[in-house]
Amino acid sequence: EEEASRLCREEQIDHFDISYVERADIPSKSDVIKKKQSIGIDAVKAMQKSVFLKPFRGKKKAVIIKDAHLLTTEAQNALLKVLEEPPPNTILILTAEDDRTILPTVISRCRVISLPETISEVTDVEKESFRPFLTVNADLGLVLKEAESLKNKEQALLWLERYILTARSELLQLVPKHDKVKTLFLITHLKQAQTLRNEIRHTNVNLRLAIENFLLS
């Protein structure tokens, strides 16, 4: 999204001439507002009705589709014509975490900009807080308490990101020691953590149950 904003500034597009397509908010049974897990064809059709309007303040306008990896197949197919023949002075930008769920027909109509992945460092304090979980016999009470503390998807994803970085750091330290048993344990654990991260990001998984199951495994 930062890169999309940069491209708009580069093209001298006024912020009044930038519109967005994104996941809709929906109320859950508990009256908590949540984000939909996909972007459907209705959102694309609504965008198509307004995309041919003239810019409001400048000479160019932009449409930014956030989380394009969440577009349904039907929605992506509906995008093809406007991607192939966009209105004059209009830029369409699709932001996505990866292109695995984006149709080749969509990708072929875009200029792909791959952004470099940055690996953050975890602090010593964070490492200490995660180490109790990076053992074969993690404390059951601690596991259940940690799973309960992660109240929403954003918290869980951030926690898993820091968790994965800690496990990676521990693994790199083990390599020179030739500790095959713990090395294998951490490699397996890292794979499970990454799988869980993808499930939480892309599906409507039961958050607490998924975290508990992961930590107890």
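# A walk through the predicted model

Leaving aside the residues within four places of it in sequence, Ile 200 touches Lys 153, Ala 156, Leu 157, Leu 160, Val 205, Leu 207 and Ile 211. Apart from the core around this residue, to which we return below, lies another core of 18 residues, which includes Leu 71, Ala 75, Val 82 and Leu 92. What you see above is a predicted model rather than an experimental one, and that should be kept in mind throughout.

Ile 200 is a useful starting point, since together with Tyr 163 and Leu 215 it is named among the residues with the most contacts inside the largest nonpolar core, a set of 25 residues. The elements that each give two or more residues to this core are α6, α7, α8 and α9. Among them, α7 supplies the largest share, with nine residues.

Helix α8 deserves a slower look. This helix covers residues 180–202, 23 residues in total, and the distance from its first C-alpha to its last is 33 Å, close to the 33 Å expected at 1.5 Å a residue. Its buried residues are Thr 183, Leu 186, His 189, Leu 190, Ala 193, Leu 196, Arg 197, Ile 200 and Arg 201. An α-helix has 3.6 residues a turn, so residues three or four places apart point the same way. As you follow the buried residues of α8 in the model, you will find that they pack against α7 (153–174) and α9 (207–216).

One of these buried residues, Leu 186, shows what such packing looks like for a single side chain. Leu 186 is in helix α8, and it counts as buried because its relative accessible area is 0%, where buried means under 20%. Apart from neighbours within four places in sequence, Leu 186 is in contact with Leu 134, Ala 167, Glu 170, Leu 171 and Leu 174. By contrast, Leu 186 and Leu 83 are 103 residues apart in sequence and 44 Å apart in space, taken from C-alpha to C-alpha.

Glu 170, one of the contacts of Leu 186, leads us to the charged side chains. Side chains of opposite charge can pair when their charged atoms come close. The structure holds 13 salt bridges, and a few of them can be followed here in turn. Glu 170 forms a salt bridge with Arg 131, in which the closest N and O atoms are 2.9 Å apart. Because Glu 170 lies in helix α7 and Arg 131 in the loop between α5 and α6, the pair ties together parts that are 39 residues apart in sequence. Glu 170 counts as buried at 13% relative accessibility, whereas Arg 131 is partly exposed, with a relative accessible area of 29%.

A second bridge joins Arg 109 to Glu 84, with 3.0 Å between the closest N and O atoms. This pair also links distant parts of the chain, for Arg 109 sits in the loop between α4 (104–107) and α5 (124–130) while Glu 84 sits in helix α3, 25 residues away. Here Arg 109 counts as partly exposed at 31% relative accessibility, and Glu 84 counts as exposed at 51%.

The bridge between Arg 208 and Glu 212, whose closest N and O atoms are 3.1 Å apart, lies within a single element: both residues belong to helix α9 and are four residues apart, about one turn of the helix. Arg 208 counts as partly exposed at 40% relative accessibility, while Glu 212, at 15%, counts as buried. Salt bridges can also share residues, as in the network that links Glu 1, Glu 22 and Lys 66.

Nonpolar side chains are found at the surface too. Leu 140, Leu 144 and Leu 216 make a nonpolar surface patch of about 260 Å². Leu 144 is in helix α6 (residues 140–149), and with a relative accessible area of 32% it is partly exposed.

Finally, the backbone holds two details in its loops. Most residues other than glycine have a negative phi, and most peptide bonds are trans. Gln 12, although not a glycine, has a positive phi of about 55 degrees; this residue lies in the loop between α1 (2–10) and β1 (18–21) and counts as exposed at 72% relative accessibility. Asn 89, which is not a glycine either, has a positive phi of about 55 degrees. Asn 89 lies in the loop between α3 (73–84) and β5 (90–94), and is partly exposed, with a relative accessible area of 49%.

Notes: Residues are numbered from 1 along each chain as its sequence is written. This is a predicted model: local features need pLDDT of at least 70, side-chain atom pairs count only at pLDDT 80 or more; totals for chains, interfaces and linings use all residues. Side-chain values use heavy atoms; hydrogens and water are left out. Buried means under 20% relative accessible area, exposed over 50%, partly exposed in between (1.4 Å probe, protein chains only). Patches are made of residues with over 30% relative accessible area and no salt bridge: like charges are joined within 9 Å, nonpolar side chains (Val, Leu, Ile, Met, Phe, Trp, Tyr) within 5 Å. Accessible areas come from the Shrake-Rupley method with a 1.4 Å probe; for residues, only the protein chains shown count as cover. A salt bridge is a side-chain nitrogen of Lys or Arg within 4 Å of a carboxyl oxygen of Asp or Glu. The expected span of a helix is 1.5 Å times one less than its number of residues. Contact means heavy atoms within 4.5 Å. A nonpolar core is a set of buried Ala, Val, Leu, Ile, Met, Phe, Trp, Tyr and Cys residues joined through side-chain atoms within 4.5 Å.
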